[in-house]
Every structure is written in structure tokens, then in C-alpha cells.
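Thank you for passing this model along; the points below set out what I would look at while going through it. They are numbered so that each can be taken up separately.

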Amino acid sequence: MTADQDIDNSTTLRLTAETAAGGSVIELNFAVNGVERNVTVEARRTLSDVIREDVGLTGTHLGCEHGVCGACTVLVDGQPARSCLMLAGQAEGAEVTTIEGLAQPDGTLHPIQQAMMDAHGFQCAFCSPGFLMSAVALLDENPEPTNAAIREELSGNLCRCTGYQSIIAGVERAVEIIRTDREKSPAAETEGVPS
């Protein structure tokens, strides 16, 4: 028996038990990191559990499971969301981006990933998926945030190792990388050039 068959059998048993106990089962159609997904899950399941257990992407970490620590942060239609507090059914039709979806298909790291490596942003790194997803949302909205804006955006994420300075430095480094990439882009080279 393969691992996929084990998961399928486990899911079937879980769903059968749920309906036998009077619970609701739903079909969920959503995209995760650009891949369309269709899963059948208990209506009471959280998005984090579905991402980890049904989709098989374990980069989204579960810390407190009360929405306090931020380790489970993912992007839902581009906005940061605590996936441990969100019912999976609320993601119907949404585009969900997890930490696994940041790097390019060829393995090129997202600027925030590269920046955190450059700044030695994390120690144990358990909190890193949530910090990175929060930082991506910030930089998508404001590519030139101030130090105060970075601190404000990341204030909802907890780290027990770093003291936060290296994380802030990592986001500031990402701003530099994004600015440099933007300045090197062909669009930037042709701006102001008469045609």
C-alpha cells in the first residue's frame, strides 16, 4: 500500500465517522500555490489542518492554535490570514499561498526568503513561515516600508529565539533586493526613453 492510499483510506474512515456522528462534510474547491485543489473535508476543519493533512503541505506551522503566535499565517487572496482560526470552507474559491509557494518553480528564492538567509533572520525557524508570509503581504502592499511599518506589520507574529532584530533586518534587506530588482527590470530601463 502506498502513502497516498494510506491517506485516502484514513480520509475515508474520518469522513465516514464524521457523517455517522451527525457532522457535516463539504466539498472544498480552492487553489493552493496556483494548483487547483478539490478535497472533501469535515465542515469543522480548519484551513491549517486541510493544508497540512489533506493537501500535504506541512510548511504552514501550528504553534498556539489560538491565532496568537502567527506561525500558521498564509495568504488568502493576497491577504494574511491565521489559518488555524479560519474554517477551511471559508477558503472556497480562494487562492491560498503558503510558504511552499514563495520560491519560483526553478528554485529561485523569493526576495524575502533570500533576505532572511542573508540576515540570518531566524534561529530555530519554527515561526519563519508566518513571519515570511506576513512580510510578503506587507511588501506587496508597500514595497518601501519604514522600520516602524515593518515592526507594526510583524507585531502579530511571535518568536521565542531571536529578539526580532534579525527578522526586522531581514525584511529591510528584502526591501533592498526588491528595489534593486525593480531598478534592473526592462521596464525601468525604458522609462523616460523616447520612442
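1. This is a predicted model, and I begin towards the start of the chain with Glu18, which belongs to helix 1 (residues 3–20). With a relative accessible area of 11%, Glu18 falls under the 20% limit and therefore counts as buried. Its contacts, once neighbours within four places in sequence are set aside, are Gly23, Ser24, Val25, Glu42 and Arg44, a list in which a charged side chain such as Arg44 may be worth inspecting by eye.

2. Helix 4 (residues 128–141) deserves a point of its own: its 14 residues reach 20 Å from the first C-alpha to the last, close to the 20 Å expected at 1.5 Å a residue. The helix is mostly covered, since 12 of its 14 residues are buried, and among them are Pro129, Gly130, Phe131, Leu132 and Met133. The buried residues of helix 4 pack against strand 3 (73–76), strand 4 (79–82) and strand 5 (95–97), and also against helix 3 (111–118), helix 5 (147–154) and helix 6 (165–184).

3. Which residues have the most contacts inside the largest nonpolar core? They are Ile112, Leu154 and Val171, in a core of 26 residues. Helix 3, helix 4, helix 5 and helix 6 each supply at least two residues of this core, and the largest share, 8 residues, comes from helix 4. In soluble globular proteins, nonpolar side chains tend to be buried together. Apart from neighbours within four places in sequence, Ile112 is in contact with Leu102, Leu132, Ala135, Val136, Leu139, Gly170, Val171 and Ala174. A second, separate core has 18 residues, including Leu47, Ile51, Ala91 and Ala94.

4. Ile168, found in helix 6, has a relative accessibility of 6%, and because this is under 20% the residue counts as buried. Not counting residues up to four places away in sequence, Ile168 touches Asn147, Ile150, Arg151 and Leu154. Ile168 and Gly130 are 38 residues apart along the chain, and their C-alpha atoms are separated by 14 Å.

5. The aromatic rings form 2 pairs. In one of them, the rings of Phe122 and Phe131 have their centres 5.9 Å apart and their planes at 50°, so this pair is tilted; both Phe122 and Phe131 are buried. The pair of Phe131 and Tyr164 is tilted as well, at 6.2 Å centre to centre and with 55° between the planes. This second pair links distant parts of the chain, with Phe131 in helix 4 and Tyr164 in the loop between helix 5 and helix 6, 33 residues apart. Taken together, the ring pairs link Phe122, Phe131 and Tyr164 into a cluster, within which Phe131 is buried at a relative accessible area of 1%, whereas Tyr164 is partly exposed at 29%.

6. Finally, two backbone angles should be noted. Most residues other than glycine have a negative phi. Glu65, however, has a positive phi near 60°; this residue lies in the loop between helix 2 (47–54) and strand 3 and is partly exposed, with a relative accessible area of 45%. Tyr164, already met in the aromatic cluster, also has a positive phi, of about 75°, although it is not a glycine.

Key
Residues numbered from 1 in each chain as written. Predicted model: local features only at pLDDT ≥ 70, side-chain atom pairs only at ≥ 80, totals over all residues. Heavy atoms only, no water. Helix = DSSP H or I, 4+ residues; strand = E, 2+ residues; numbered from the N terminus. Buried < 20%, exposed > 50% of the residue type's maximum accessible area, 1.4 Å probe, protein only. Contact = heavy atoms within 4.5 Å. Expected span 1.5 Å × (residues − 1). Core = buried A, V, L, I, M, F, W, Y, C linked by side-chain atoms within 4.5 Å. Phe/Tyr/Trp six-rings, centres within 6.5 Å; stacked < 30°, edge-to-face > 60°.
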